[in-house]
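Me: I'd like to learn how to read a model like this one. Can you walk me through a few features, one at a time?

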Amino acid sequence: MTKFLKDINLKGKFALITGATKGIGRSTAVAMHQVGASIIAIGRNKSELSSLKKKLKTRIQCFQCDVRDYQNISKIIKNIKKIDILVNNAGTNLPEPFLNVKKSSLEMLLEVNIKAAFNVAKLCTDKMLKLKNRKKIGGSIIHTSSMFGLVGGPNRTVYSMSKFGIEGLTKGMAVDLATHNIRVNSVCPTFVATPRAKKYLADKEFSKYALNNIPLGRIATESDVATAITFLSSNAASMITGTNIIIDGGWTAK
Amino acid sequence: MFKKINLKNKTALVTGAGKGLGKACAIALAEAGAKVIIVSRTLSDLTKVEKIIKKTKGSCLKFECDVTDLNKFKSILNKIKKLDILVNNAGNNRPEHFTKVKKKNMEYLVELNMKAAFNVAQLCSRKMVELKNRKKIGGSIINMSSQLGRVGAPIRSVYNMTKFGLEGLTRGMALELSKSNIRVNSVCPTFVETPMVKAFFKNKKFKKEVLENIPLGRVAQENDVSTAVAFLAANSSNSITGTSLMVDGGWTAK
């Protein structure tokens with residue numbers, strides 16, 4: 001194995017992934033497991049968690065939890081032995097035109113995409129810092145952001161607000177945690193063929209809008225994003241912090 | 001998944017491959033299986049790089065050429081069968097206070113960092129689109145930019161100008177080449193322990209100032225950058241185009 005590929009080796013690392021039951025979270029769990037990581041999967045859906053457990057067989061712990069449930073998530077994180085990597089992925093979207101955004105939608109998105117993301121990041125960081133030799137072995141936090149963390153899009157005001165927020169959190173955390181050698185980055189995908197986006201893309205007009213805006217002319221795959229997250233989590237990215245990997249087929253380059 | 005960082009059957013051209021980042025990139029790409037065309041002004045440097053690559057059973061072809069010599073560079077491209085990856089790396093820096101920048105230094109840096117970079121990119125792109133099934137197999141161009149392509153710094157006005165320019169070129173190229181499935185990105189390293197930077201670091205005060213500006217508290221190693229380049233060169237970054245990968249230890253997150 002080349003030195004380069006050795007750098008992308010997560011043997012002995014514990015990776016906590018929220019929103020691990022579907023889409024990007026699930027693909028990332030599979031990818032990181034493949035390169036040796038032990039996975040701590042957090043998700044709301046029990047049967048999807050057990051199917052993930054069945055797929056990975058070894059080095060996998062599953063916890064059924066809604067990340068908005070602070071008591072529950074903090075108890076889970078407290079009881080885990082060690083965390084080296086956090087994939088802060090749980091998030092959602094309720095697209096609505098700005099003028100019609102319901103108060104309940106706004107509150108829900110801020111609750112999940114911002115407050116829960118912040119709390120999970122904080123709890124996991126506390127756990128990561130418990131390790132005496134953290135500074136030596138390093139740590140990595142990856143936020144699942146979006147290209148809508150960098151530009152706006154129709155019916156995406158609340159989503160953009162929440163993801164721009166995550167971009168800010170990424171930079172602030174990176175600066176504060178650098179002294180502990182914990183790196184903090186985000187990934188900013190375009191539309192990905194996840195169960196959620198597939199629903200949007202089923203609308204012909206929407207699909208046309210998306211593809212017309214992606215110079216590469218295709219939507220991203222879950223694996224495109226999982227690969228970038230795994231890269232950021234590994235020593236191959238040991239000088240990369242406070243930034244993002246934009247996986248948008250050129251959407252934001254325009 | 002990390003089979004995706006496999007460059008077997010790919011041909012990669014690296015400019016400025018005699019030392020520093022170019023040398024490290026050439027070695028990394030060869031390690032990942034690519035046939036590497038190394039270009040530099042200094043034949044003795046190329047011979048050393050060739051030796052390292054051949055030692056690990058890598059494939060390598062060397063050409064002595066100053067990239068500002070457009071005709072000579074063209075003749076290299078005429079000698080190679082196909083091209084899949086370009087690491088547009090050759091560049092230089094002559095730090096001077098803005099009010100004291102010598103005309104000849106400004107012209108030299110614009111000539112090399114911008115004009116030659118543009119010409120090399122254009123000639124290589126033309127070569128890449130020649131391949132009938134390019135759209136199917138894809139291609140990747142990585143421009144060697146800098147964190148100073150994103151933020152300013154003392155006595156770097158000309159360097160800033162050239163690297164900001166390269167960031168613009170990256171985005172423009174990405175949009176136009178996406179039809180051919182050629183992805184174009186840049187990497188933006190902080191100060192890297194290259195021969196060029198080591199010379200700057202003889203100034204203790206400068207070194208201290210640099211380290212104070214990198215939250216991770218260390219300068220980058222050549223390997224940190226070559227890994228990022230290999231990631232962008234391979235299918236691992238299939239949906240990534242028109243963007244830049246910051247390898248700056250948090251410098252621009254502040």
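Reply: Sure, we'll go through the sheet, a helix on it, two single residues and the chain contact, keeping in mind that this is a predicted model.

Me: Let's start with the sheet. In what order do the strands of chain A run, and is the pairing parallel or antiparallel?

Reply: For a sheet, trace the strand order and then check the sense of pairing. Here seven strands of chain A make an open sheet, ordered β3-β2-β1-β4-β5-β6-β7, with parallel pairing. At the edges sit β3 (60-64) and β7 (244-247) of chain A, each pairing on one side only. From one strand to the next, the twist averages 15°.

Me: How many bridges link β5(A) and β6(A)?

Reply: Six, in the parallel sense, with β6(A) covering residues 182-189. If you want a spot to zoom in on, His143(A) stands opposite Ser186(A) in β6(A).

Me: And which strands does α3(A) touch?

Reply: With a helix on a sheet, look at what it touches and then at its direction. α3(A) packs against β2 (38-43) and β3 of chain A, and its direction makes about 180° with that of β3(A).

Me: Can we pick a residue in that helix? Is Lys53(A) exposed, partly exposed or buried?

Reply: For burial, count the C-beta neighbours; buried takes 20 or more within 10 Å, exposed 12 or fewer. Lys53(A), which lies in α3 (residues 46-56) of chain A, counts as partly exposed because it has 15 inside 10 Å. Setting aside neighbours within four places in sequence, Lys53(A) is in contact with Ile60(A) and Cys62(A). Ala41(A) is twelve residues from Lys53(A) in sequence, and their C-alpha atoms are 8.9 Å apart.

Me: Now a loop residue. Why does Pro154(A) count as exposed?

Reply: Same kind of count: Pro154(A) is exposed because 10 other C-beta atoms lie within 10 Å. Its place is the loop between β5 (139-144) and α7 (157-177) of chain A. Between Pro154(A) and Cys188(A) there are 17 Å, C-alpha to C-alpha, at a separation of 34 residues in sequence.

Me: Last one, the two chains. How many residues of chain B are in contact with chain A?

Reply: For an interface, get the totals, then ask which elements contribute. In this model 34 residues of chain B are in contact with 37 of chain A. On the chain B side, the elements giving two or more residues are α1 (20-31), α6 (157-177), α9 (222-233) and β7 (244-247). The largest share, four residues, comes from α9(B). By class, that side has 17 nonpolar, twelve polar and five charged residues.

How values were computed:
Residues are numbered from 1 along each chain as its sequence is written. Chains are lettered from A and ligands numbered from 1 in the order in which they are written. This is a predicted model: local features need pLDDT of at least 70, side-chain atom pairs count only at pLDDT 80 or more; totals for chains, interfaces and linings use all residues. Two residues are in contact if their C-beta atoms, placed from the backbone, lie within 7 Å. Ala, Val, Leu, Ile, Met, Phe, Trp, Tyr, Cys and Pro count as nonpolar, Asp, Glu, Lys and Arg as charged, and the others, Gly among them, as polar. Two strands pair if DSSP finds at least two bridges between them. Axes are lines fitted to C-alpha atoms, for helices over the stretch in contact, and angles run from 0 to 180 degrees between N-to-C directions.
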